[in-house]
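Hi there,

I'm passing a structure on to you, as promised. Please open it and keep it beside you while you read my notes.

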Amino acid sequence: MIVWTAVMGALIGWIMAGFDGWGMFPGGLVGALAGLGLRAAVRSEIERAVQQLRSEMPAPVPVAPEPMAAAPPARTTLRAPVVERTPGPALEEPVEPAAEVLPEPVQPGALETALAAARDWLFGGNTVVRLGLVILFVGLSFLIRYAAAAGLFPIELRLAAVGLAGAALLAIGFRTRTKRPGFGLALQGAGVGVIYMTIFAALKLVPGFPMAAAFALMVLVCAFGCALALLQGSQALVLTAFAGGFATPLLLSDGSGDPAGLFGYYTLLNLAILFIASRRAWRMLNLLGFFASFGIATLWMAGGYTPAQLAVTQAFVGASVLIYLAAALLFARRTPGRLGAVVDTTLLFGPALAGFGLEVALVGDRPFGSAFAAIGFAALYLGVAAMATRRIGDRFRVLHEAMLAIGIGFVTMAVPLALGARWTSATWALEGAGAVWIGARQARWVPRLFGLALQAVAALLFLRSIGPNIDALPLANAGFVGAMLIAGALLGSAWWLRRPLASPDSQLGRRYAGVEAMLPRPLFLLGFFFWWLAWTLEATRLVPGPTDPDVPLPVFPLSLQLQLPMLAFVASAGLWRWIGQRADWEVARWPSLATLPALAFGFLAMLSAGRHLLFAPDWIVWAVAIGIHVLLLRLNDRDDVDGRYRRVLAATHVGGVWLGIAMLADCLWLGIDRAQLWNTSWAGVVLLVSVTAMLLVLTLWAGRALGSVQRSWPLDRHAVGYAWTAAIPAAALVAFGVLWTALDAAGETSPLPYWPLLNPVDLALGLGVVVLLLWRRTLLAAELAPSGAEQLRSPFFLAGTGLLIFTAVNTAWFRLAHQWLAVAWTPEALLGDETVQTGLAIIWTLIALTTMVAANRRGVRPLWLAGAGLLGLTVVKLVLVDLGGSGGGSRIIAFIGVGALMLVLGYLAPLPPRREEATA
């Protein structure tokens, strides 16, 4: 667990540091600390569960001894507990009380263990003797150095004397092993250490002393010490012997700088420790050898190492890793526990961490050296894990999982050391998917959690590394393959987690299960995003230039680079909807519900690039995309039997109407652009014409379908949505467009001449008003009128429509005066012109006449009063405006024309009676 969190912390630290290697160390430290806390929490959960189990267990039932005919002979025997039988069938088996389950003791740390062992050795038993042995050993070492420096005796005699002293200690200790075991074992350990020191000193100080002989003697001493320790079953003896053996090179070092003898000597000691580990589970001996071996290697690398010593140093590091990994396996094999084999975490993880650190220091400056070192360690631990899977039972499950975790961790570290960020993220994503798959198969939540976290890191790393995708290979480049592999990992994880998986009955397991239950859908959507991103990166891929590789060229033109991602989304949504339907995977249908936003974003991207819908080959892309969108819309409508996506589908139909308006306007604007009519009223009425045309289509297509019982798709369920929900904003925009165009458009119709009522502005205004009235009439006449359609009968709607007509007619006169009478298109010029004012008076009178005549024939008194009000306003205008003019023909025409029309009005349209009068 600590390794998992340390690896994750290192990866996150590496990313946060801008992919600089130094960030892995603080990140790994923080991750290890988090792992320690998580491990403590897990152990607390286990201990609490065990305590609860103990509290729920029934107390053992005391059993009375069976009566015996005669007393047995007096001897000590081991008997199985006799269980009292309860009444029942004759063949009922006896019920035995359950054995008491004790919690597994928490293993202390390596430093705590070492300090406790040293304290126990020094202060346990005969402290004076043990302290004296330490002082004697150091004194003999100093004596050898002093004698060598002073030249008092020949070196051979001095070494022989020291060797005899060691042999004497060994002999005395062996003779007293039964009477005084502690004293005898201490002397034997000191004697073995002295003999080690003597042989090593002879190798260093005696000229011509053969190294082969020295190693042979050391092998014999190692074997002899191992035999004594195994014979007497004393870990203290073996610790004493090996402590002296490991200390000898440090005490007698001459600074020659040759590591061959030193590393060979330590390798022999390590092999001896491995031999003992195969016979006894002496953890302290394993730790002594591990820390001594890797400690001396670290000191050597920091001090006297040179590149010429690479082979011998690397051989020693590799041998040490193998020896202490084997020692960890042997320790687990020989140390059973209540919950399985006991794993020495220091020996299991220590060689991996320390060995890899030394390997990086040795080969890190070579091309891919660190990556190959990580791959080598990964192969070692994964190979051992695979072998352990075939040959060991379930009680070694923790050991197997730990080795598997270490191997996967090294694979994770090898990828960023060898490959770029995109390949690294892809590999991590696949690794995370594998962890999720293993956790799903084995019903274990910790691998699943690690796998999901690793996929999240991979996704973030890939997103951070996104840049120009420059590669000559189609579909085999880092951008496409990397994103596709991440997508595959995320989609696979979403598939495996689509149904709840089993988790252990613990507080942490239950909490994670609750979180995991919410992840399948977000995982699929994230996987679909990376799936789409892969195709987007391929669509925007660049290739090195034929003349200058530093100047890349796009594979597709810019126009398609903006629209192919939209097509990729729509096509991918269709593909995954088909997969979801075949696999009964509901979330796979979701992207097909979002094709309209994809079309909208693609349309905006097209406009931003200055493209148009009818450009080639853009129209081909849009035809395919719209066709897929309509097909998916129909399939989703067909399959939405329970109405789960009713609102989403209804909004998609309505939104498609508005996107269609924008597309129609874009096609019209393309014609304006080709004819170069941007500074004319042709361009000003494009949006109004587009909205009016769409409202007309909705009225004639969906509005009339409201009166029919048998309707085909999509009107069989979305007729109201098209004719009412989508049409209301269109009608409001038509009304606003009519008002705005009438007041703003000056009627520039070049290259055609201006003709009243036959110019684009007046035609667009008249069409807008007519379509508004037709839409109102169609909805009010429909048998299945939508809810709220009665509001179209309100006086406000009629008054607003009348205001639009009044404004359109008046501004038509303004445009005529501007185009034919050369009156400036400004409010001041138009309202200050006498001819314009005369025309307004006549127009107002005509409108009032028409309104009052229609009201009289229909018997609508309010409408007649409205016309009369406009006529009164006309009279006021004549008095206040036209009468105060400068005189001339305009004023005469105004008064005569208005007066004559009023006479006609009085004859044709008298005031209609009130409703009660008409009824009487």
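Below are some notes on salt bridges, one helix and a surface patch.

First, this is a predicted model: local features need pLDDT of at least 70, side-chain atom pairs count only at pLDDT 80 or more, and totals for chains, interfaces and linings use all residues. Residues are numbered from 1 along each chain as its sequence is written, and side-chain values use heavy atoms, leaving out hydrogens and water.

**Salt bridges**

The whole structure holds 12 salt bridges (a side-chain nitrogen of Lys or Arg within 4 Å of a carboxyl oxygen of Asp or Glu). One of them joins Arg 611 to Asp 618, at 2.6 Å from N to O. Asp 618 is buried, at 0% relative accessible area (buried is under 20%, exposed over 50%, partly exposed in between, with a 1.4 Å probe and protein chains only). Asp 642 and Arg 644 also pair up, at 3.4 Å; Asp 642 is exposed at 55%, and Arg 644 is exposed at 52%. These two belong to a salt-bridge network with Glu 586 and Arg 589.

**Helix H28**

Helix H28 covers residues 760-781 and includes Thr 778 (helices are DSSP runs of H or I, at least four residues, numbered from the N terminus). Is Thr 778 buried or exposed? Thr 778 is buried, with a relative accessible area of 13%. Leu 763 is in H28 too, but is partly exposed at 47%.

**Surface patch**

Leu 763 also helps form a nonpolar surface patch, along with Trp 755, Leu 757, Leu 758, Trp 820 and Leu 821 (patch residues have over 30% relative accessible area and no salt bridge; like charges are joined within 9 Å, nonpolar side chains within 5 Å).

Happy exploring!

Definitions and conventions: Helices (H or I, at least four residues) and strands (E, at least two) are DSSP runs, numbered from the N terminus. Accessible areas come from the Shrake-Rupley method with a 1.4 Å probe; for residues, only the protein chains shown count as cover.
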